[in-house]
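User: Please take a close look at a single part of this model, the open sheet, and describe how its strands are arranged and what packs on them.

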Amino acid sequence: MSQPPSFEPYQPTWTQPAPEPSPPAGPAGRGRTAVLLTAVIVLIVALAAAGTVAVVQTTRLEAARDRATELAEEVADRDARIELLESGAATAPDTPTDPLEDLLGADPDELLDTLEGLLEDGGILDGDGPFGGDLEGLLDGPQADTSGCLADLTDVADITGDTVPEQIASSLDAVEAIRGDRFPGTLDPAILTSEEVRERIADEVDSGYSEEAAGIDLAMLSALGAIPPGLDLRQTQTELLGDQVAGFYDPDTEELVVRSDDASDELDIAGLLTLVHELEHALADAVVGLPALDDNPDDEDAAMAELAIVEGDAVALQTIATAVAVSPGDLLGLLSDPDLLAAGAGLDDVPPYLASSLTFPYVAGPTFVCNAYADGGWDAVDALLQSPPATTAEVLFGDPVVPEDPAPLPGPDGFELVEERTFGAAQLSWLFAAPGGDTEQALEDPVELVRGWQGGRISLWRQADGGADADVVALAFVDGGGLCDAVTEWWQLTEPRLDGKVGTIVCRGDQVMVGVAATEDVAMAAIGG
């Protein structure tokens, strides 16, 4: 359903955000506000490309260490020659200490070994490593491939500063240097405490995600086994985003906020990278313009695809900045920060479908954007922002998809159509990844199974008198190949886990339809079977 209530810190897709992370007609469109439209989840952004960034940092450190060794050897050889020429001269000075040690704040050999350990068995990126308990769930899922953004890198000045104003200026310089664009005006980022950020999020959810919208989302998602019946989506959204959102940029007011529990002190590396992420949102908005994520309230799939591009752009630049403007020592501090790792714990406490909807823009988005960047640089990225993909299928697979509308569903007699909206390939893959909310029942390769998606919608009908039998939910897809078998397998695993609901599936030609109701007759009537 659109995406989980405000689950993409940017326009949920059911309530409105993207990802990153706004509002389609259903819950999606009426919810997410502009502020959440540009929020960033530190954990996801920090770790999504950790592997590729660590590789780049390892390469940089190896090169720097080798060069330092060469310089030391040259100095030693020179002094040896001088000693031979100057009979009786003082003993040649000792070979200088490694010039990188002062720069990096630690022995470069130790840093290199530690960085390499990030990529090896038992390392921080390994589910069995020292932080496996915190990272295993996150890293088990799809990961962003930002390698396309990490080719032919040009070094820029490291992001530094002893005060927040100095750090903001340094971060801005790095973003402009990487982007090749300059801000047309001035920016005055605000630093808010965690409590202040939580209060802002609570206000946004309260005003932007109504009880009615949450109820519609609940009816749709629970009928599909994606979330438990009775889940308080507004509260879940408030609590999860309160813990996850590290900053946001509001394109309507041009407000840029970064979260820091000590606003008077300098930002840590996680805060700086969040600042870089949000600065890219602001810069892209100023020089290119960000997509209006809430322009098509009924097309949540398109809104999610747009959000993936918005977030993909910011994560792409953030990844480059991490590789070229953050020292290896600071990277180690980021990747081994227990507070940062703990920030993702909240994702384990929500239904997998909601967690997937939250992370999708930060995983699939950067992969898609970096592939474009590899082909055409920032011009190609700007073109995506100006004309984003129309479907999450294109974001997932790279090929444009012109979605087809499934055949209209009649709905059962005596029921009124309450809500109808698009249901994309990404959303379907989240169902496949956790039938009935159980990831252990996941279909094999959920993403590949939705490659045949050519269009999809979800509908909710309700009886006027309410009651336990009041809601009927139906899915309808256009099948380009293989979707019928996959949907059938998913439903066979899901239906036994539902409470008080039954369903039926009909595959007719290129149409795949699923009806869910209190009785099989009503479910069948909903899809015209």
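Analyst: What follows is a description of the sheet, with a short look at two helices afterwards.

In this predicted model, five strands form an open sheet in the order β5-β6-β7-β9-β8, and their pairing is antiparallel. The edges of the sheet are formed by β5, which covers residues 416-422, and by β8, which covers residues 502-508, each of them pairing on one side only. On average, and with direction ignored, neighbouring strands of this sheet are turned by 15° against each other.

At the β5 edge, the partner is strand β6, made up of residues 453-462, and the two antiparallel strands are joined by six bridges. For a specific position to find in the viewer, Glu-419 has Leu-460 of β6 as its bridge partner. Helix α8, residues 211-223, packs on the sheet and touches β5, β6, β7 (471-479) and β9 (511-517), while its direction makes about 115° with that of β6.

Turning to the helices, α14 (residues 352-386) spans only 32 Å between its end C-alpha atoms, whereas a straight helix of 35 residues would span 51 Å at 1.5 Å a residue. Within α14 there is a kink of about 130°, and this kink is centred on Gly-376.

Helix α11, which comprises residues 300-324, contains Val-310. Because the relative accessibility of Val-310 is 3%, and buried means under 20%, this residue counts as buried. Computed along the chain, Val-310 and Pro-291 are 19 residues apart in sequence, and their C-alpha atoms lie 7.6 Å apart in space.

Terms used
Residues are numbered from 1 along each chain as its sequence is written. This is a predicted model: local features need pLDDT of at least 70, side-chain atom pairs count only at pLDDT 80 or more; totals for chains, interfaces and linings use all residues. Side-chain values use heavy atoms; hydrogens and water are left out. Two strands pair if DSSP finds at least two bridges between them. Helices (H or I, at least four residues) and strands (E, at least two) are DSSP runs, numbered from the N terminus. Axes are lines fitted to C-alpha atoms, for helices over the stretch in contact, and angles run from 0 to 180 degrees between N-to-C directions. Contact means heavy atoms within 4.5 Å. Buried means under 20% relative accessible area, exposed over 50%, partly exposed in between (1.4 Å probe, protein chains only). The expected span of a helix is 1.5 Å times one less than its number of residues. The bend at a residue is the angle between axes fitted to the seven residues ending there and the seven starting there.
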